[in-house]
Amino acid sequence: MSLPGSEELVGAPPVFAILCDDHDTPLPPKVEGARLFLAGGLCGAPVRIQELPLDGGDGVRLVLGLHPGEFELGAVQTALRRIGVDPLGVEIVDLPAASGSADRLTTLLAGAVARVRRFPGATPEETKLRIPGAFSRRALLRMEAPVYIGAPRIDPQACVAGTGCHVCVPACPAGALTFASGSIAYDKETCIACGICVTTCTTGAVRNPTAVPEGVADQIAAYVRTSQDPAVGVVYICRDGAIPPLPEGMYPVRVPCTGMLTVGWLLAPLTMGAGTVVALPCGTVGCGLGNEERLAGVVGDAATILGVVEAVAGRVGHRLVGPPSPPLPDLEMPEDAFGPAGEAAVVAALASSLAAPEAEIALGSARLGWVTIDEAVCTACTRCAQVCPTDALAHRDVDGTIEIDFDPMLCVACGTCVEVCPESGANELWRGLRWPDLVAGPQVLRRETTATCEVCGGPIAPSAMLDRIAAMLGDEHAATLKLISRRCLRCR
Amino acid sequence: MEWHEVARLRQGLYRFFGAALLPPDLERLRLLQAAAGTLDDMGVDAFAFARSWRRFTDALTTVEDPIALGSDYIRLFEAGVGDVPVPLFESAYRADARSGGTGALLASIRRRYADLGLEPDTGVTGGIDHLSIELETMAALCAREAEAWETGAEARVATLLAQERSFLADHPGAWIPKVTDRLHAMKADRFYRALGDALHAFTHHDREFLAVLEAGVGTA
């Protein structure tokens, strides 16, 4: 099995792993893909990083092994900036999470190294400020070192809001996104940087430098590749949540908020050799924005899909129950599994390798959909295909016949096609999974002849559209109708 | 770091950037180099813009040819038979003919200074909407904020934070990104490209910082 991240990244910046060697944590003699340094007292005095010979210039990447509760994140970030390192590109490994095992720590570090190698850099717009602690009388006297987190940024070149897509807007739990005049406006002050917009975007136009899909994939792949455990599991944990004691073989993956996880992100690790995936909700903190409910829906859908394809739903959940299950056999991670249309590909990979029953299951949270077109209503204007952000719907002209094709592997159930249809009710989106149609390839949903001009022979409009116009005009406008249905614009 | 120290640091940074955008004679460069060291010592590294800041101060401390730098200044900010490649005046970017053009904009800026109790000296810059003067205005507001923190006048702190936030958003913060974009488009040399990036990073951060601080002071 070929795992992402196992190849050398061309031109990748040098990575250093720096571990606090206080206490009795058994430390590994080397770290895959990084130069290792040990530094006593690093947690209490992160400025000690300056004493290390970290040659590598501006693009250097770091993995820090620190003891939770013994360091201040703001102070660590300050020390990193002092040596010219962007703190957002640094992974911090909780040393107690290694549970006293050098092998386990080796795996954790390999995962962190793989992830930081994918850090793309962060612009000022992608950095969000937090001043620790609530403002109190005491806080008014003194500022604690600020902490920065990654914030999303929309790539205007990749965003397709111009065609009507705005699925990110209702998905944002903080109301930081608005849609107007064919573009998305982003309010950084309102944003909580939860990452939901990143995984909701239909084209991958929203990026958060601390939640890069390739980085997450590489981290998981490194865990699977490096671990000496009989089975490996993945635990998604919120950026702000403490890492609880994890069962043997379970490894943490930090995300801005587990509310951002999709069914694809939950199932993709299973195609990479992980046997179990757990997504922990915020726990005691709670965001109050409904992200836990969102996560529960996604976990439920993932478990349902697994139940269908494997009759074992316990591989995905939102609580820790024990060591991971053995890996599923003969699976290969599909390309772009963590990308916008990765969900269908991951499900198809699972289904093709396991006994997939013929089934149709409705799913409320999965980004899987099935579009139908009512021929009695549709005028074949093809607007739906023109705006489809993932090209799941596509139209073409075949010898004077308009065809609208649908590829369920590309559908992310965004509903834009339904929203833009001028003929109310012509398009319907069913959210869920249909076997074996998902892997059957593109299907023709609509076929309609094109009326041709009696003078030049060129196309006029779809016949169904002319029929609709005729019905609207009635007999009173027979002459007009005759003209527009027999001649093209140029020849009228 | 205490809050008045943060305000002093921000005051220093605004003054520093304002001066860095003036013609680069030898004396000014020497003063900027000394000021950069002082600001570093005041705790720039605690903030996210520190990396952009450091790239600029690296360029500042390694200026090899001040005359070439002066030529680049003229090429970017002053020269041109027609348009100046990278104007340092707000009116070049934001004057809107539908709402009175440059005259109306300058009048509104002058009113804004008067509301803040400030009267700009345009002797060096030649215009009240020069970026250096707008940054100097922010520095003056930060100085008042520092004094308010030092005297424990929390209500005055809140007022000043609101003034800073509003002036920054309405004036320099609204057009600095365009200056930065033009510096990149004009292929400015390392010094001015790094200066544009550092100024953008700092002012972008300061808008966010002021919002967080103002909200915090309001609820404390």
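1. A quick word on terms before chain A: "buried" here means under 20% relative accessible area. With that cut-off, buried residues make up 54% of the 492 residues in chain A. Keep in mind that this is a predicted model.

2. On the overall build, chain A has 12 helices and 21 strands. Along the principal axes, its C-alpha atoms fill a box of roughly 90 × 55 × 45 Å. Looking at contacts in chain A with a separation of 6 or more, 68% come from residues 24 or more positions apart.

3. The domain assignment splits chain A into domain 1, covering 1–128, and domain 2, covering 368–492. Taken over C-alpha atoms, the centres of domain 1 and domain 2 of chain A are 54 Å apart.

4. Now for the partner chain. On the chain A side, 25 residues are in contact with 27 residues of chain B. The area buried between chain A and chain B comes to about 2,500 Å², and carbon and sulfur atoms give 57% of that.

5. What about charges and polar pairs across this interface? The rule finds four salt bridges between chain A and chain B. One of them joins the side chains of Arg82(A) and Asp45(B), at 3.0 Å from N to O. The count of residue pairs in polar contact between the two chains, both at pLDDT 80 or more, is 13.

6. Which elements of chain A give two or more residues to the side that touches chain B? They are helix H1 (73–82) and strand S5 (127–130) of chain A. By residue class, that side of chain A divides into 11 nonpolar, four polar and 10 charged residues.

7. Helix H1(A) deserves a second look. Why call it largely enclosed by the rest of the structure? Because seven of the 10 residues of H1(A) are buried. The buried ones are Gly74(A), Val76(A), Gln77(A), Thr78(A), Ala79(A), Leu80(A) and Arg81(A).

8. As for what surrounds them, the buried residues of H1(A) pack against three strands of chain A, namely S3 (61–66), S4 (91–94) and S6 (147–150). Helix H3 (50–61) of chain B is also among the elements they pack against. So this packing takes in elements of both chains, A and B.

9. A last backbone detail to check by eye: just after H1(A), Gly84(A) takes a positive phi of about 85°.

Technical notes:
Residues are numbered from 1 along each chain as its sequence is written. Chains are lettered from A and ligands numbered from 1 in the order in which they are written. This is a predicted model: local features need pLDDT of at least 70, side-chain atom pairs count only at pLDDT 80 or more; totals for chains, interfaces and linings use all residues. Side-chain values use heavy atoms; hydrogens and water are left out. Contact means heavy atoms within 4.5 Å. Buried area is the accessible area (1.4 Å probe) that two parts lose on being put together, summed over both. A polar contact is a pair of N or O atoms within 3.5 Å; within protein, one must be able to donate a hydrogen and the other to accept it, and residues adjacent in sequence count only if both atoms are side-chain atoms. Helices (H or I, at least four residues) and strands (E, at least two) are DSSP runs, numbered from the N terminus. Ala, Val, Leu, Ile, Met, Phe, Trp, Tyr, Cys and Pro count as nonpolar, Asp, Glu, Lys and Arg as charged, and the others, Gly among them, as polar. Buried means under 20% relative accessible area, exposed over 50%, partly exposed in between (1.4 Å probe, protein chains only). Domain bounds come from an automatic or database domain assignment.
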